[in-house]
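Trainee: I am new to this one and would like a close look at its pockets. Please take me through them slowly.

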Amino acid sequence: MTAKTPRPDTSPGPSRRRLLTVGGALALGPLLAACGNSGKDDKGGKDAAGSSSGEATANSGPWSFKDDRGRTARTDKRPETIVAFVSTAAALYDYGIECEGVFGPSEPVDGKPNPQAGDMDVSKMTSLGTAWGQFNVEKYAALQPDLLVSNMFPPPGLWFVPEESKDKVEALAPTVGISVARTSLLNPLKRTAELAESLGADLSTREVTDAKARFDKAIETLRTAAKGNGGLKVMAVTGDKDNFYVAVPDSYCDLNYFKDLGVEFVEGRKSDEWGFWEFLSWENADKYHADLIMVDNRSSSMPLEQLNEKATWRRLPAVKAGQTTPWSMEERFSYAGWAPVVERLAAAVEKSKKLKA
């Protein structure tokens, strides 16, 4: 099957956008904001790694990176003006690489920073749009980008780069895609770190090594919690006004890896060719029993307040027992980003009780 870039819902049937965005997270919109190399000072005196002059890591030499499509992006020197999908930009930011532009959901949620933006201050960045299909090619071109980076759900489509704009976007600068579907969480974490290092990040800094150590500790905590609460059924979900969506765990890199750690997931059945969700009517939201429910926390998904308006949601045993936890379905792929996410899930698994159906 040839992967296509998600598109807005224009027909009665579910589209990939509905699958991954609305149905599995609503459509997000590209938004470009300023992406440049954080290690480069205003006068250009240092490169991204902090080198002051002609070392091998400086910007003077050619740069290349082979992405998860098997394509090699090449530039005459290391990219400085970088544009990225918001979660990808946030991950690079954790390694000290800043973006001139971002696309994807970044607007505040209930007055709080959008979880997909990580620690970035997106108010200082150039926006290309915040809804699906709003990638502003003109603004992108005006930034004179050196590189565009995005996730892929799955390859080869770059997440939130509209199919109809793909050729124009790729003509302006090299692109890099990181695969985050149907793989282990460890893979996009590793690949994003490698990309950051190629762009000048120093992976030996205390901040980076501490984040990795915290992530590794959280993983062992989750493994222990899953073993100690064996038989606990966990279900990852999202919703919209029309449907309730149950995740197919193997399609998501985080759920896929958490299964390896011993977490027992409700296995949604693939409802269409993309295979990320099982679509259920709200009348059938109780099809599966779950002791703990992970709820999509993206700004595009239905928030808990609206879920609680659905009678079938309120009747679910896990909801009645207060055993729900946020699901960071599009968390940034850095160890700093994922460590607290894994800690939160470990705590939820540890304290949840097995419930009667």
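Mentor: Let's go through the two biggest pockets in turn, beginning with the roomier one. This is a predicted model, where local features need pLDDT of at least 70 and side-chain atom pairs 80 or more, while totals for chains, interfaces and linings use all residues. Residues are numbered from 1 along each chain as its sequence is written, and side-chain values use heavy atoms, without hydrogens or water.

The largest pocket (an open set of points on a 1 Å grid over the protein atoms alone, with protein on both sides within 12 Å along at least five of seven lines) holds about 660 Å³ of space. Its lining (residues with an atom within 4 Å of a point) is made up of 28 residues. To find the middle on your screen, look for Val 109, Pro 115, Asn 297, Arg 298 and Pro 326, which lie nearest the centre of the largest pocket.

Next, see which elements (DSSP runs, helices of at least four residues and strands of at least two) reach the largest pocket. Two strands, E12 (292-296) and E13 (324-327), and two helices, H8 (304-307) and H11 (335-351), each bring at least two residues to the lining of the largest pocket. Helix H11 gives the most to this lining, with 4 residues. In the lining of the largest pocket, 10 residues are nonpolar, 9 are polar and 9 are charged (Asp, Glu, Lys and Arg). Both domain 1 (63-202) and domain 2 (209-351) contribute at least three residues each to the lining of the largest pocket; these bounds come from an automatic or database assignment.

Now turn to the second largest pocket, with about 170 Å³ of space. You can pick out its lining by name: Tyr 93, Asp 94, Tyr 95, Asp 119, Glu 207, Val 208, Ala 211, Lys 212, Arg 332, Tyr 335 and Ala 336. Helix H2 (86-94), helix H6 (206-228) and H11 are the elements giving two or more residues to that lining. The largest share, 4 residues, comes from H6. By class, the lining of the second largest pocket has 6 nonpolar and 5 charged residues, and no polar ones.

Here, too, the two domains are involved: the lining of the second largest pocket takes at least three residues from domain 1 (63-202) and at least three from domain 2 (209-351). If you want one element to follow across the whole tour, try H11: this helix supplies 4 residues to the lining of the largest pocket, and H11 is also among the elements that give two or more residues to the lining of the second largest pocket.

Technical notes: On a 1 Å grid over the protein atoms alone, a cavity is a set of points where a 1.4 Å probe fits but cannot get out, and a pocket is an open set with protein on both sides within 12 Å along at least five of seven lines; lining residues have an atom within 4 Å of a point. Grid points are joined across faces, edges and corners, and a volume is the space filled by probe spheres set on the points.
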